Amino acid sequence: MLWFEDIWRDREERLYPELFGPLPKTVLPLKPEAIRAILGPTITIEEHWQQFAVIEIEANSHHADYIYVTTGFSQPWKIDDPAKLDRNGFSGYGYEMLVRTPERAGWAVDMLHRLSAYQLGVYNGLLKGKLFEYYDWMPLNGPVNPQLPASKVRGMLLTRPQDFAARFELRSGQVDLLQVVGITGDELAYGLSLGFSRLERFLYEQGAAPTTDPGRSTIDLPQHFDLPPQIASRF
């Protein structure tokens, strides 16, 4: 299936370097233990699931932070004939995810691996839920960086990148880049009450986006709201 491999190479050898700068020669594949932690210890792991991975990209002339970006979600896994590819539709899951950090961050890889396993479960009908879109949010049931247990950044919001293209095109269709930004419970409550586009603007204005700093405090918000109890318990 040379056409399938060509799509993979196009993403990693042309599009990603154009967006993010030079890529490393190694990637961080999704491991079986990460999949089982989300989908259960008895899950049968499909061979191609371990081709999903996270790429760590150091600061370079394209960006001043570390970027961790997934690869594999935009592969057309359910297409068996290149004649069925639709350039005007979405390729594969329709997205790839990325996290940006001020320094090298193993927690960013772990978070993207957990989110990847969750979306694998949803896509394959093993878990209830939905495929991610912009402005989706999720409690992380703990600090984004487990090494900072007192951190208030314990949830995530999917935002649209603003300093590079938020969508790219493969032969197999369109792909959105979903930028994961860590948020606090107070910030989530504000977004739920007054809209996530408004929260996103404040996050950018106060330097809490696009880069996630697990040690930061809640940004200054013009109003305060309470989270519903069932969500607050996960923060």
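Start by selecting Asp65: at 7% relative accessibility, it counts as buried (buried is under 20% relative accessible area, exposed over 50%, partly exposed in between, with a 1.4 Å probe and protein chains only). This is a predicted model, where local features need pLDDT of at least 70, side-chain atom pairs count only at pLDDT 80 or more, and totals for chains, interfaces and linings use all residues. Residues are numbered from 1 along each chain as its sequence is written, and side-chain values use heavy atoms, without hydrogens and water.

Now add Arg100. Its side chain meets that of Asp65 in a salt bridge, 3.0 Å from N to O (a side-chain nitrogen of Lys or Arg within 4 Å of a carboxyl oxygen of Asp or Glu). The pair links distant parts of the chain: Arg100 is in strand 4, Asp65 in the loop between strand 2 and strand 3. Arg100 is buried, at 2% relative accessible area.

Next, select residues 2-20, helix 1. Helices (H or I, at least four residues) and strands (E, at least two) are DSSP runs, numbered from the N terminus. Look for a kink of about 30°, centred on Asp10; the bend is the angle between axes fitted to the seven residues ending there and the seven starting there.

Stay on Asp10 and add Arg14. These side chains form a salt bridge, 2.5 Å from N to O. Both residues lie in helix 1, about one turn apart. Asp10 is partly exposed at 21%, and Arg14 is partly exposed at 36%.

Last stop: Pro229, in helix 6. Pro229 is exposed, with a relative accessible area of 65%.

Key. Expected span 1.5 Å × (residues − 1).
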